[in-house]
Each structure stands twice: as C-alpha cells, then as structure tokens.
Amino acid sequence: MNLSKHESREPPGPDEPVALGVDPETLACLQALQAEFGNVVSVDKPNGRKAYFINDADEVRKLLVKHHSRYKKGPGFERVKMLLGNGLIVSDGETWRRSRRMIQPAFTRQNIHRLIGLMVECAEERASMWEKVAAAGETLDITQEMSDFALELILRCIFGADYETHILHAGENPFAFLSKDSERDLRIVLQVRESRNLIMSVINDRRARNTEEEFDFLSMYMSATDKAGEGFSDDELLDELVTLIVAGYETSAGTLNWAWYLAARNQDAEAKLLAEARKLLQDAATISQETLAEAVYGQQFLEETLRLYPPVWLFSRRAIEDDALQDYDVAEGTDIYLSPYILHRTEEYWPNPDHFDPDRFGPDCPHKKGDRPYFPFSLGPRRCLGEYFSFLEMKVHLGLLIQRFHMTLESDQEPELDLGINLRTKNSIIVRPHLRAQESEIA
Ligand code: HEM
C-alpha cells in the first residue's frame, strides 16, 4: 500500500503509471487494481493525469446522483464526439441540460406505448425470416440479426412512414453500415456525415410538407422547444438524431444477443420465459403495455442479462471541481472510472456472481431495488432516456419469438468479450433455430 498517498487523502494505488482506456486490457487491469488496493484506487496515467477507479456501491451512487454536476464526461468521449457531435450522450453542462429538457417529453411512457405496434411488426417480420431459415435447416448469425432488428426498429420509430419512402428508397438501408461495421474508424465517421445529409433531406421535406400528422421521434424532436421557446438548430437536431440512432440500437441489440445465448444455455429459465409468453403474449394483436407489464419473468430475465453483460461496461468522468469520495479528496481534473461490469459481478453484493439466475430480480428476492449496485442504465440525472423503450422492445421481441423458436448453440465455447465503448461478443454467436412445432423431433 502506498502510505504517502493515503496521508494526503489520496486512495491507495500503484507507484508506477498505469494506462487506462476503453479496451479489454483495461478490464483486466481494473480487476487487478481492485484485488490489490480495494474499492477506491488511485493511479497516475502516463500523460500525468490522476485517475481514480471507484468500485464502492455507495460512492458510485453518490457520484452519479448527488454529485453529478461536479463531473463531466471523461476520457473516451472525444472519440464518441466524432460520431455523435454534441448530442445528448456527449454534451455537458448547460448544453446538455437544455437538450435533455427538450427531448425528455418525447420519452414519456404514453409516447413509448404508441410505438408498441411497430415493435410487434418488426418482431413478426423477423419471425417470418427465421421460419424460412429453420425450415431449410440453416443457422442464424443471431448477433447480426439482433443488430439488424434493433436498427430497423429505431429507424422506423424515428422516421415513421418516411423510413420506407426516404430511407429505404434505394431498396437498401443506408444506415446498415452502423450494424455491420464493428470498427469505429474514420470510414464510419464519413458514413455518418453522409447519413446526416440524408436525415437533413427528410427534415427539409417534412418542413416543406408542413404537416403535423406524423407521430414519431423525428416530429417530436423537430417540434421540441426550450424555455425561451426556441427549437433546435439544424446542427443540433442532426446531432441529437444521430445520437438517438446510435444510442437506440446498439445497446438493445447487444442485450438481445446475450439474451438468446443465455436462453439457449439455461433450459429452466427458457422454459419459464416460454410459459409466461404463451400465457400473456400469445396473440401479437393484443400485446399492450398492460400485458407487457405483467410479463415479469421476461423483465427479470433481461435484468439478469444486463447484470452479467451491461453493454456500457465502463463509465468515465472528469471532475470539473474538487470533490470528496469516501475519505479521499478528488481534485478538479481527476479522471474517474466506474464499471457496472465489475460491480455487477462483485461477490460481496452478488453471491455466486457469474451464475445466471433471473430469480435474483424476482418477487421473492429479499433485496429491495437499490440495495445492491446495479446500474446498466446509469443512475441520476444522466440516466438513460431509452430504458423503458428498450425493455418494451426487448420484451416484445423475446416474448414473441421464444414462442416460435427454440435455439441451440452451434458452439459450446463461451463467447469471447469485445470490450470497446460497448460490450459485445468478439465473434458472432451462431444459433440453429428450431420451430417449436417441431420441438418433439429435436428432443
Ligand atoms: C439495453 C439497452 C440500453 C442500455 C443498457 C443503455 C444504457 C445507457 C447508459 C449506461 C447511458 C449513460 C451513459 C453515460 O452516462 O456515460 C445511456 C444514455 C442514453 N441512452 Fe441508453 N441504453 C439503452 C438503450 C437505449 C435506447 C433504446 C435509447 C433510445 C431510444 C437510449 C437513449 C439514450 C440517451 C439519449 C442517452 C443519453 C442520456 C443523457 O446523457 O442525458 N438508450 N444509456
């Protein structure tokens, strides 16, 4: 232990500089630091900047909730900025506050409920495609399928009828590169620029049509106003829409990818999921917010999936004023790292942490919400805006498709993690879909 650091109200940590990024080496490094130095660790980065890694449940909550205004987004966000401009995920301070106030009304439960029909349609269309694959005895790249499903859904929720007429006009989805290119390189930045031109043309067309009929995210964003009655400028609008596309599909796609994997691996949980879906969600035409709210096992299943595989596995922040965490001083300019992936798997809070058990979130679980560190959607004022949307989308998808298909995995190997800005599987997960009607044949 480094005593001189402790005396100066600085957490313990290694004497040598440590490089931290958003990559697999960083996960291993943070786990090793925690094992050696405890739940609050101080490191010197090679660039001379101080960084703290916080793995204490109360302090994480304090930082994200009560003290959130003392921090801005941290290292790694410069790269995200290249993609998302100054949209909600990357903006800070007054810019963020104004945008959040303007956008939040689009995400009321009432508004999200109006999108359930689209969620059902997208899931049903996927079911038709998978039926052909199952009938031909072929396999599915479920990782790619989930990316395509979630991307199509968010685009249809944003652009409404214009998705068909403007976005798919050439018979090909011009945003498909988002779900196909896993590398966030310069090429993708250029493609995003092209997409901005396309979005701008849809906006201009709507303005020319001057119609108020549409109900979709685009119309809500276009009519959003701030306290002074001002709307978004064109650039702001484009930043927010690109942010919505990227934020709105990759995380849900990743979670569904893991959910299918876990369903294939855990027969008991899959059977419970199926039983509930057959009881509540059998008739796609009657799926509603009420039936989805009753689907509590589906919710538990997804919450447990997100505990084990939180798509945003590492948060970074930078102190913009002095603060204190535990007994330690946080000087302005200090970088902070928090990891839901590590906290969600800390034995102290989650016994047998690597085991998949949706009952941890069940009605008989003795823990109340908030008792244990759990923050796949973050906490506090910067909490994810799409949390409710994503649970409905994922419950609709799994609830409908689990009734039609039993999936078996083509490989026995545990998927390797790809730890970038989002946690993904390094290689696609390949499954073999079996139509439920044919289940007896495969048993
Ligand atoms: C399983 C699905 C999802 C997960 C796990 C997730 C997770 C998160 C997390 C952790 C953050 C905060 C990041 C940080 O503070 O550094 C965030 C922010 C955000 N998410 Fe999500 N998200 C999901 C789905 C969605 C969807 C479907 C949408 C939109 C429809 C969405 C829209 C946003 C937006 C706009 C923000 C920025 C909020 C702000 O800074 O004010 N997310 N999300």
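Which residue of β5 is the bridge partner of K73? Keep that question in mind as you turn the model around; the points below lead to the answer. Please note that this is a predicted model.

1. Let us start with the ligand and its iron atom. The protein offers the iron a single donor, the SG atom of C384, at 2.3 Å. To find C384, look in the loop that runs between α17 (340–343) and α18 (387–404).

2. Next, widen the view to the surroundings of the ligand. There are 29 residues around the ligand, and those that come nearest are K73, W96, R100, R317 and C384. By kind, the shell divides into 18 nonpolar, 7 polar and 4 charged residues.

3. Where do these residues come from? At least two residues of the shell are supplied by each of α5 (93–103), α13 (234–265), β5 (315–319) and α18. Helix α13 gives the largest share, with 6 residues.

4. Three side chains are worth a look for their polar approaches to oxygen atoms of the ligand. For R100, an N or O atom of the side chain is 2.7 Å from a ligand oxygen. W96 places a polar side-chain atom 2.8 Å from an oxygen atom of the ligand. In the case of K73, the distance between a side-chain N or O atom and a ligand oxygen is 3.1 Å.

5. Now to the opening question. K73 has R317 of β5 as its bridge partner, and both K73 and R317 are among the residues that come nearest to the ligand. The strands behind this pair are β3 (residues 71–73) and β5, which run antiparallel and are joined by 3 bridges.

6. From β5 you can step across to β8. These two strands also run antiparallel, with 4 bridges between them. R317 has I336 as its partner in β8, while S316 is matched with Y337 of β8. Strand β5 is largely enclosed by the rest of the structure, because 4 of its 5 residues are buried.

7. Strand β8 (residues 335–338) is covered on both faces. D335 and Y337 are buried on one side, and I336 and L338 are buried on the other. Strand β2 (residues 50–54) pairs with β8 in the parallel sense, over 4 bridges. Within that pairing, Y52 stands opposite I336; I336 is also the bridge partner of R317. Following these partners takes you from β2 through β8 to β5, and on to β3.

8. Finally, have a look at Q403, which lies in helix α18, one of the elements that supply the ligand shell. Is Q403 buried or exposed? Its relative accessibility is 14%, below the 20% cut-off, so Q403 counts as buried.

9. The side chain of Q403 has polar partners on the backbone. One of its polar atoms lies 2.8 Å from the backbone oxygen of G399, and the backbone oxygen of L281 is 3.0 Å from a polar atom of this side chain. Setting aside neighbours within four places in sequence, Q403 is in contact with L274, A277, R278, L281, Q282 and R436. L281 therefore appears both in that contact list and as a polar partner of Q403, judged by heavy atoms within 4.5 Å for contact and N or O atoms within 3.5 Å for a polar contact.

Definitions and conventions
Residues numbered from 1 in each chain as written. Predicted model: local features only at pLDDT ≥ 70, side-chain atom pairs only at ≥ 80, totals over all residues. Heavy atoms only, no water. Donors = N, O, S within 2.8 Å, 3.2 Å for Na, K, Ca; no water. Near = heavy atom within 4 Å. Polar contact = N/O pair within 3.5 Å; in protein donor to acceptor, adjacent residues only side chain to side chain. Nonpolar A, V, L, I, M, F, W, Y, C, P; charged D, E, K, R; others polar. Buried < 20%, exposed > 50% of the residue type's maximum accessible area, 1.4 Å probe, protein only. Pairing = 2+ DSSP bridges.
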